[in-house]
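Trainee: I have not looked at this structure before, and I would like to learn how to read its features step by step. Could we begin with the terms and then go to the cases?

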Amino acid sequence: MNTRLQSCSAGDNVLRERGQREVFCGLTGIVWLHRKIQDAFFLVVGSRTCAHLIQSAAGVMIFAEPRFATAIMEERDLAGLVDANDELDRIVAQLLARRPDIKLLFLVGSCPSEVIKLDLSRAALRLSRQFSPAVRVLNYSGSGIETTFTQGEDACLASLVPVLPEAGPKAPSSLLIVGALADVVEDQFRRLFAALGISLVSFLPPRRSTELPTVGPSTHYLLAQPFLHETAHALEQRGCKRIVAPFPLGSEGTTVWLRAAAIQFSVDGAHFNAVTTPLRERADRAIGRYRPQLTGKRIFLFPDSQIEIPLARFLARELGVDLVEIGTPYLHREHLAAELALLPPEARLSEGQDVERQLDRCRQAAPDLVVCGLGLANPLEAEGFATKWSIELIFTPIQGYEQAGDLAELFARPLVRRARLVA
Amino acid sequence: MQLTVWTYEGPPHVGAMRIATAMRGVHYVLHAPQGDTYADLLFTMIERRDRRPPVTYTTFQARDLGGDTAGLLQTAMREAYARFAPEAMLVGASCTAELIQDDPAGLAQALDLPIPVVPLELPSYQRKENWGASETLYRIVRALAHPPRESPPNRRTKRARSVCNLLGPTALGFRHRDDLAEVTRLIVELGIDIGIVAPWDATPADLSRLPEADFNVVLYPEIALTTAQWLQRQFNQPYTRTVPIGAVATRQFVDEVAQLAGIDPARALAGAEQRSSWYARSVDSTYLTDKRVFVFGDATHAIAAARIAANELGFKVVGLGSYSREFARDVREAAASYGVEALITEDYLEVEARVSELQPELVLGTQMERHIAKRLGIPCAVISAPSHVQDFPARYSPQMGFEGANVIFDTWVHPLMMGLEEHLLGMFREDAEFNDTAPSHLGSQPTPIADSPTHGPIALPPAFAGSTWTAEAEQELHKIPFFVRGKARRNTERFAQERNVGLITLETLYDAKAHFGR
């Protein structure tokens with residue numbers, strides 16, 4: 001498994017590794033997407049492994065009515081494709097009879113369904129015709145061979161873009177915020193944009209499939225998450241234009257992100273400052289509480305969700321953390337250009353993973369805090385490392401001014417806890 | 001295809017991981033796509049293990065599929081051997097790798113590693129987790145067990161004490177950690193030595209010595225029966241049939257083990273801290289009599305639970321089922337003894353329909369039955385895998401042996417409404433605080449049970465769709481405590497249907513009550 005150093009245009013060294021990867025597949029996105037889009041149902045077409053993955057993640061909660069399921073392929077499905085499509089139709093009919101409240105059904109592809117080339121996009125079209133207008137059926141792939149963790153959300157949102165209503169040629173300029181955000185964060189941003197005088201703001205994904213945002217050439221979109229490459233591409237196809245910005249993590253990140261939108265919508269600079277300065281100062285105060293615990297601490301980030309680079313930028317610039325290594329499963333240079341420009345120049349980046357070698361590097365560097373997935377966290381704790389499990393950064397409101405202190409606290413917490421516990 | 005809301009078992013390679021992770025000195029190289037490493041979390045999070053499972057995944061991606069995935073697998077084996085230096089290696093494929101057919105067995109053979117390498121054939125689209133664990137244990141024991149130095153009669157006479165192996169405890173097993181401790185104590189108190197425990201904490205070298213014991217104790221047939229049967233055929237080692245879950249079964253088990261060892265069982269039975277029998281006989285348990293209970297789980301735990309429910313707690317078993325197809329016959333036999341038809345299925349929706357139809361007062365099941373019980377507003381306790389993090393507790397909580405019986409008494413009675421509250425609820429229906437909510441000692445709100453055919457989550461089965469209730473009868477139904485109301489409703493509708501009564505009145509309701517009793 002080859003390891004090589006590559007120089008890139010930004011002048012930083014990126015270590016590119018291939019080997020055993022300790023990451024989730026895109027199916028995991030269902031765990032938060034089913035809560036965000038309240039009338040959607042996610043039907044994975046896959047094997048028992050896929051079903052087991054989702055319930056191992058989400059099954060600790062007790063569901064009176066789950067909003068996801070798996071159509072488990074059996075021996076006879078592997079024999080012929082025609083049969084598999086009939087089976088799928090039968091299962092979708094069974095599901096919709098049981099759950100008449102579903103308005104949007106995602107057929108989610110998996111490794112097994114991709115390997116045997118089961119065409120779920122055609123199945124989605126066929127089923128959409130059959131069940132419209134009550135239910136819309138879409139398809140995306142959350143397979144491990146194609147997607148890593150948060151790329152599942154990317155694939156899901158990208159599948160929504162073609163069905164978004166068209167904004168006419170005379171439509172006024174509108175702003176689209178892209179990426180699943182916590183409801184509370186979404187509400188804060190809505191209020192902020194209104195205060196700035198940007199009135200036409202919508203969010204993708206919406207909370208209900210009946211509230212799809214309208215898009216067209218008059219739409220400017222702002223990415224709230226760094227892992228939305230396919231979605232961005234699909235929006236460009238619809239004529240939308242991306243507003244270049246870093247991501248809204250921390251006080252600085254949020255300000256620069258908002259300012260990019262403000263400039264695009266010709267918001268007066270003095271007005272922008274008047275709206276944001278008090279919020280920014282409040283966020284700075286909140287972050288300041290955790291600086292004593294984090295400044296000078298050495299942090300090692302394992303690849304997980306692609307949020308690592310914006311996080312590292314926030315930790316380094318706003319909390320004075322020393323970055324040992326920033327691992328990311330995938331590095332999209334264009335979307336992360338604004339982030340890379342803000343990173344300390346000496347930061348070591350790695351893309352991809354060979355988990356054993358990365359663990360060797362981590363042990364050798366002996367960082368104060370390791371940001372990693374739950375497959376590694378307890379074993380590293382047992383070796384004496386303080387860890388912060390990375391998945392929480394996807395399941396917690398961390399964007400925007402009001403959450404900047406909470407985000408810092410997430411990293412301070414394991415260190416505080418280690419100091420606190422006597423035995 | 002099968003619509004699966006929840007699956008009772010993982011794929012077979014997870015069973016193989018449970019064996020590898022339970023053991024020491026074994027490494028498992030698994031041909032699998034990126035993302036299948038989620039299974040590590042089962043062990044590091046749900047079971048809270050402090051080490052990574054000894055599993056190397058090839059984690060191939062789409063871009064590898066056009067290339068040399070077989071080479072990827074060989075590299076993974078070579079590197080795993082170099083890095084971890086295991087005493088034995090397991091190699092196999094996950095469901096996706098099974099489709100690309102890279103032949104892990106042949107590739108491993110070609111590498112010619114200087115340790116035993118056990119290839120695993122686990123058909124992912126036919127078999128499941130427990131079968132995978134059973135097959136893996138059988139394959140690795142078959143590969144490693146040496147014929148004993150002494151034949152059975154000599155073995156016995158040379159030793160002062162009998163020796164038995166304990167077979168079955170794995171990683172991620174439901175209460176395996178504490179069951180093992182409890183059974184070990186029982187056996188040692190009998191004056192019998194424990195030889196090898198497998199797979200729990202066993203090394204490949206330990207497995208090679210399995211045939212030296214006098215007999216085998218099978219704790220979990222789903223995992224270890226195949227292996228025990230093979231050991232019996234190969235080395236004339238008898239094995240135990242009784243699983244010691246429940247006070248009665250534990251006494252039977254002690255008798256059986258004593259008989260195999262040729263000793264008197266009295267010693268182990270004398271000092272037992274066996275409170276559950278007295279707790280069940282004490283008068284405040286009287287109200288538990290004939291509480292209607294539905295039981296579902298793996299075959300071993302479901303059969304044991306039904307037996308405890310009926311004979312040790314005085315419940316009425318109204319439903320019994322299992323997802324362990326391999327043991328369907330045993331479950332059917334047990335169900336027949338309670339006069340019910342066994343439900344053998346891995347379809348969660350079928351289980352849900354059966355519970356909904358039976359309207360039990362208590363569900364004893366798996367983590368999945370907790371979803372059903374929440375939806376239907378029925379008390380529930382977990383008796384079997386699949387379970388989640390709450391069922392890997394820090395405290396000592398066996399299911400087996402006499403302490404296991406004590407744990408079971410507390411666990412199963414806890415979700416039920418307590419006696420006094422149940423009485424008062426039957427007397428006074430209009431209290432603002434104590435009404436149709438969960439028992440006050442639990443302090444949470446259930447999803448209310450469906451009370452009318454027109455609303456609520458439970459759709460009535462088609463046979464009852466024709467029933468109409470007068471408003472007065474409907475109101476009277478509400479005066480019946482919620483935990484038996486569902487059943488009363490069903491009984492009344494059945495009664496009306498059998499007699500072609502079109503409209504259910506107050507009289508029909510009380511006629512039915514008199515007809516069916518409680």
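Mentor: Let us start with a term that we shall need at once: contact means heavy atoms within 4.5 Å. Please also keep in mind that this is a predicted model.

Trainee: With that term in hand, what covers the buried residues of α16(A)?

Mentor: The cover includes α15 (355-365), β14 (369-372) and β15 (387-389) of chain A, together with α2 (39-46) of chain B. The helix itself, α16 of chain A, runs over residues 374-382, and its buried residues are A:Leu374, A:Gly375, A:Leu376, A:Ala377, A:Pro379 and A:Leu380. Just after α16(A) comes A:Gly384, which takes a positive phi of about 105 degrees.

Trainee: Which residues other than glycine have a positive phi?

Mentor: Two cases can be set side by side, one of them being A:Lys117, whose phi is near 60 degrees, and the other B:Gln359, with a phi of about 50 degrees. A:Lys117 lies in the loop between α5 (111-115) and α6 (120-131) of chain A, while B:Gln359 is found in the loop between α17 (348-358) and β12 (362-365) of chain B.

Trainee: Are these two residues, A:Lys117 and B:Gln359, buried or exposed?

Mentor: The cut-offs help here, since buried means under 20% relative accessible area and exposed means over 50%. A:Lys117 has a relative accessible area of 63%, so it is exposed, whereas B:Gln359, at 5% relative accessibility, counts as buried.

Trainee: Let us turn to chain B as a whole. How many helices and strands does chain B have?

Mentor: Chain B has 23 helices and 15 strands. Its radius of gyration is 26 Å, close to the 24 Å that the globule rule gives for 518 residues, so chain B is as compact as a globular protein of that length. Along its principal axes, the C-alpha trace of chain B spans about 80 × 65 × 40 Å. Buried residues make up 61% of the 518 residues in this chain, and of the contacts in chain B between residues at least 6 apart in sequence, 72% join residues at least 24 apart.

Trainee: And what does chain B expose?

Mentor: Chain B exposes about 20,900 Å², of which carbon and sulfur atoms supply 51%. As for charge, chain B has 51 positive and 63 negative side chains, and the centres of these two sets lie 3 Å apart.

Trainee: How should I read a pair of aromatic rings?

Mentor: A pair of aromatic rings is described by the distance of the centres and the angle of the planes. Over all chains, the structure holds 15 aromatic pairs. For A:Phe106 and A:Tyr140, the ring centres are 5.7 Å apart and the planes stand at 75 degrees, so this pair is edge-to-face. A:Phe106 lies in strand β5 (residues 104-109) of chain A and A:Tyr140 in strand β6 (residues 136-141) of chain A, so the pair ties together parts that are 34 residues apart in sequence. Both A:Phe106 and A:Tyr140 are buried.

Trainee: Which residues of chain B form an aromatic pair that is edge-to-face?

Mentor: B:Tyr138 and B:Trp230 form such a pair, with 6.4 Å from centre to centre and 80 degrees between the planes. B:Tyr138 lies in helix α7 (residues 129-144) of chain B and B:Trp230 in helix α11 (residues 221-235) of chain B, so this pair ties together parts that are 92 residues apart in sequence. Both B:Tyr138 and B:Trp230 are buried.

Trainee: Finally, where are the cis peptide bonds that I should look at?

Mentor: In chain A, a cis peptide bond joins A:Leu204 and A:Pro205, with omega at about 0 degrees, and A:Pro205 is found in the loop between β8 (201-204) and β9 (219-223) of chain A. In chain B, a cis peptide bond joins B:Ala198 and B:Pro199, where omega is also about 0 degrees. B:Pro199 lies in the loop between β7 (193-198) and α10 (204-208) of chain B. Leaving aside neighbours within four places in sequence, B:Gly168 is in contact with residues including B:Ala198 and B:Pro199, and B:Gly168 is buried, with a relative accessible area of 0%.

Key: Residues numbered from 1 in each chain as written. Chains lettered and ligands numbered in written order. Predicted model: local features only at pLDDT ≥ 70, side-chain atom pairs only at ≥ 80, totals over all residues. Heavy atoms only, no water. Helix = DSSP H or I, 4+ residues; strand = E, 2+ residues; numbered from the N terminus. Rg over C-alpha atoms; globule rule 2.2 N^0.38 Å. Buried < 20%, exposed > 50% of the residue type's maximum accessible area, 1.4 Å probe, protein only. Areas by Shrake-Rupley, 256 points an atom, 1.4 Å probe, with all protein chains shown as cover. Lys, Arg positive; Asp, Glu negative; His and termini not counted. Charge placed at Lys NZ, Arg CZ, Asp CG, Glu CD. Phe/Tyr/Trp six-rings, centres within 6.5 Å; stacked < 30°, edge-to-face > 60°.
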